[in-house]
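Colleague: Could you walk me through this one? I'd like to see how its helices pack and how its charged side chains pair up.

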Amino acid sequence: MNSTRCEECCTKMSRVNRTTEQAVVARLWQEHLRAAFPAGLRGAEVAGIDTVPLDAGIAGCVSTWYNNGGALDSERHRILRDCIADLDQVLPLLNEAEGLCYCQRLRELAQLVSDTDPQLSK
């Protein structure tokens, strides 16, 4: 197999993966928009982390990514990485199913969007 053929294949796979990724983010984002913020997390600090701004920060980044066709600047990538680290501290401490499901979906959204290449998103 020549290298040109390999590059074509890799490029095509990259487009398919990107399309699939965007479809998953779109589905999760719609679920997130329909979900009410869990009452047990309103005004709550878990592991010293306020869950309301955590939710708002991720939602803002995901909304920007979604509205920009999968593009996100490096500052929003940093915000998402910080929020993911915060969620990694919060999630093990959640006992209520509603809050746990909400935060797990939020983390999945943040991770999917954060995994995009910031160099391609400028």
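Modeller: Sure, here are some questions and answers on helix packing and salt bridges. This is a predicted model, where local features need pLDDT of at least 70, side-chain atom pairs count only at pLDDT 80 or more, and totals for chains, interfaces and linings use all residues. Residues are numbered from 1 along each chain as its sequence is written, and side-chain values use heavy atoms, with hydrogens and water left out.

Colleague: Are helix 2 and helix 3 parallel, antiparallel, perpendicular or oblique to each other?

Modeller: Helices here are DSSP runs (H or I, at least four residues), numbered from the N terminus. Helix 2 (residues 51-67) packs on helix 3 (residues 74-90) at an angle of about 140°, the axes being 10 Å apart; axes are lines fitted to C-alpha atoms over the stretch in contact, and angles run from 0 to 180 degrees between N-to-C directions. Under 35 degrees is roughly parallel, over 145 roughly antiparallel, 65 to 115 roughly perpendicular, and the rest oblique. So helix 2 and helix 3 are oblique.

Colleague: Which residue forms a salt bridge with Arg27?

Modeller: A salt bridge puts a side-chain nitrogen of Lys or Arg within 4 Å of a carboxyl oxygen of Asp or Glu. Arg27 has its partner four residues away in helix 1 (residues 3-34), about one turn of the helix. The closest N and O atoms are 2.9 Å apart, and the partner is Glu31.

Colleague: Which residues join Arg78 in one salt-bridge network?

Modeller: Arg78 and Asp82 meet in a salt bridge (2.6 Å, N to O). Those two are four residues apart in helix 3, so about one helical turn separates them. Salt bridges with shared partners link Arg78 into one network with Glu75 and Asp82.
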